[in-house]
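Visitor: I'm new to reading protein structures, and I'd like some help. Could you walk me through one, feature by feature?

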Amino acid sequence: MPVRATKRGAARTALSGDFDVLICGASFAGLALARELRATGARILVLDRYEIGERQTSACAAPTEWLENLGLAASIRQTFGSLVVHTPRAHARWPLGWTFSTFDYRELCDLLWAQRGDGTEFETAKVDGRSGTTVHTDRGDVSAPLVIDALGWKRNLGARLVQPPEARLSRGLEVHPGGAGGDLELWIDKRVIRAGYGWSFPAGDEVRVGIGSFDPRDHVKQPTVALADAVGRPPVGYQGNWIPHRLRPAVEDGIFFVGDSAGHCLPLTAEGIRTAFYFAIALGRELRDVLDGRQDRDAALARYGAFSDAHRWKYESMLNVQHLIPRLSPRALALVTRLYSRPVPALWSFRHYLRIAPPEFALPGPPAAVSAGAAAVAA
Ligand SMILES: Cc1cc2nc3c(=O)[nH]c(=O)nc-3n(C[C@H](O)[C@H](O)[C@H](O)COP(=O)(O)OP(=O)(O)OC[C@H]3O[C@@H](n4cnc5c(N)ncnc54)[C@H](O)[C@@H]3O)c2cc1C
């Protein structure tokens, strides 16, 4: 477990006040949203129970172009142009046609935070719930007309509690032993995990080895230890979490949800970093229009909710493939694995996969109305 840098005891003073925007959660979604609002001059409070970058929430691999476009390239540890896939009967290298990079979580968070606006503050506080647009924390109540839940899978500001294992969640666990490697590797093999996959993601001087299970009832600790053992790495530096694998409402009762809280992590691959960036940028563009007086909050709620919903069929398609993979026989899995080692099907599929949340969305864009409309059409 990481050392908790969060202030304790007397250092934890009372918190109160009214702000223009309250962003609850300071990880990928919350920090990308704060960055997107940097030029508004708004009074923005970002809350998290941990200090920024204190607690890594993933294996930290994302498309390189997304990291570059957000000014985060300095956090990159290693870059890969292909994926090495292991199944019971076939092993293959899948060309991507673009690159994935592993990065350092703390450095990435610091780089995002450095791009905030002058009126943006951060406080460590545990968010306990809300009444309307007043958020209750363990340090007191804070209010804003624009409240955002970027708190991850638990969706603390939603009306209903998300409770594993009944909820539509996957689960992931990984270890971070020191060492080096040259390939992003995936294992799709029931001997590794019944329904899901294992991974080994090198990141400079460490390798992130983990297991993702599509079934929240299946335990992942023993499979993670076994995979680490199989690839000759000690099981040290555990970190894990639940991962939503179904899109949820992105707006509810006047509150905006983004990232895992809105189920924006992609099913099948559990890639949730670039989608957290993507939807945070889309939300930021809507909120900018509210702060600049070009639209009211209700319009922003409607437009952002519609933008998120426009992606539903892509999420459902990927969820269908997620359901299908564990049912494939070893022979069928081998056929698919070999097929994707060929450039034409691989490059076509991975290009479409990247388009679900394309990296150029991070570049300075036109006003929300234009960009949201264009993206909805593309979706
Ligand atoms: C083991 C594992 C490996 C993964 N690897 C990858 C990967 O390589 N690439 C990828 O794209 N995706 C990966 N994912 C998925 C990815 O981590 C998530 O989709 C992503 O973190 C979502 O970002 P977020 O900002 O929405 O939420 P989170 O990153 O979960 O952040 C939520 C924030 O809210 C804070 N918070 C939560 N509750 C409270 C509270 N009550 N009060 C105050 N603060 C609170 C947390 O401290 C945290 O900072 C992985 C997931 C797991 C579990």
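Visitor: Let's start with the ligand. How many Å is an oxygen atom of the ligand from a polar backbone atom of G272?

Guide: The distance is 3.0 Å, from an oxygen atom of the ligand to a polar backbone atom of G272. Keep in mind that this is a predicted model. I273 also has a polar backbone atom 3.0 Å from an oxygen atom of the ligand.

Visitor: What about a nitrogen atom of the ligand: which residue has a backbone N or O atom 2.8 Å from it?

Guide: That's V127. V127 is also on the list of residues that come nearest to the ligand, along with S27, D48, S58 and D260. There are 32 residues around the ligand in total.

Visitor: Okay, now the strands. How do I read a sheet, and in what order do the eight strands come?

Guide: Read across it, strand by strand. Here the order is β4-β6-β5-β13-β14-β15-β12-β16, in an open sheet with mixed pairing. At the edges sit β4 and β16 (239-244), each of which pairs on one side only. From one strand to the next, the twist averages 30°.

Visitor: What packs on the sheet?

Guide: Helix α4 does, touching β12 (169-175), β13 (184-187), β14 (196-203) and β15. The direction of α4 makes about 140° with that of β15.

Visitor: Back to the pairing. In which sense do β4 and β6 pair, parallel or antiparallel?

Guide: They pair in the antiparallel sense, over three bridges, with β6 covering residues 91-103. To see one spot in this part of the sheet, find A62, which stands opposite S101 in β6.

Visitor: And how many bridges join β5 to β6?

Guide: Nine, and these two strands run antiparallel as well; β5 covers residues 76-86. A hairpin of four residues takes the chain from β5 to β6. Across the pair, F80 stands opposite F100 in β6. With β13, β5 pairs in the parallel sense over four bridges, and there H86 stands opposite W187.

Visitor: Next, how do I think about what's inside? Which residues touch the most other members of the largest nonpolar core?

Guide: A general idea helps: in soluble globular proteins, nonpolar side chains tend to be buried together. In this model, the largest nonpolar core has 95 residues, and I148 and F277 touch the most other members. Helix α5 (residues 273-291) gives the largest share of this core, with 11 residues. Another core, of 11 residues, lies apart from it, and V192, V209, V220 and L227 are among its members.

Visitor: What does F277 touch beyond its sequence neighbours?

Guide: Leaving out residues up to four places away in sequence, F277 touches F28, A32, W66, L67, L70, L72, L108 and L112. Two of those names, F28 and A32, also turn up among the buried residues of helix α1.

Visitor: Why is α1 described as largely enclosed by the rest of the structure?

Guide: Because nine of the nine residues of α1 (residues 28-36) are buried. The buried residues include R35 and E36 as well as L31 and L33.

Visitor: Can we try single residues? Is I211 buried or exposed?

Guide: Buried, because its relative accessibility is 0%. I211 lies in strand β15. Among the residues I211 touches, beyond four places away in sequence, are R171, V192, W199, V220 and L227. Sequence distance and spatial distance are separate things to read: I211 and G196 are 15 residues apart in sequence, with 7.5 Å between their C-alpha atoms.

Visitor: And where does D218 lie?

Guide: D218 is in the loop between β15 (206-213) and α4 (221-230). D218 counts as buried because its relative accessibility is 18%, and the cut-off is under 20%. Setting aside neighbours within four places in sequence, D218 is in contact with R171, R194 and S213.

Visitor: One more: which side chain does R55 join through a polar contact of 3.4 Å?

Guide: The side chain of Y50. R55 sits in the loop between β3 (44-48) and β4 (61-63). At 29% relative accessibility, R55 counts as partly exposed. As for S101, it is 46 residues from R55 along the chain, and 19 Å separates their C-alpha atoms.

Conventions:
Residues are numbered from 1 along each chain as its sequence is written. This is a predicted model: local features need pLDDT of at least 70, side-chain atom pairs count only at pLDDT 80 or more; totals for chains, interfaces and linings use all residues. Side-chain values use heavy atoms; hydrogens and water are left out. Buried means under 20% relative accessible area, exposed over 50%, partly exposed in between (1.4 Å probe, protein chains only). Contact means heavy atoms within 4.5 Å. A polar contact is a pair of N or O atoms within 3.5 Å; within protein, one must be able to donate a hydrogen and the other to accept it, and residues adjacent in sequence count only if both atoms are side-chain atoms. A nonpolar core is a set of buried Ala, Val, Leu, Ile, Met, Phe, Trp, Tyr and Cys residues joined through side-chain atoms within 4.5 Å. Two strands pair if DSSP finds at least two bridges between them. Axes are lines fitted to C-alpha atoms, for helices over the stretch in contact, and angles run from 0 to 180 degrees between N-to-C directions. A residue is near a molecule or strand if one of its heavy atoms lies within 4 Å of it.
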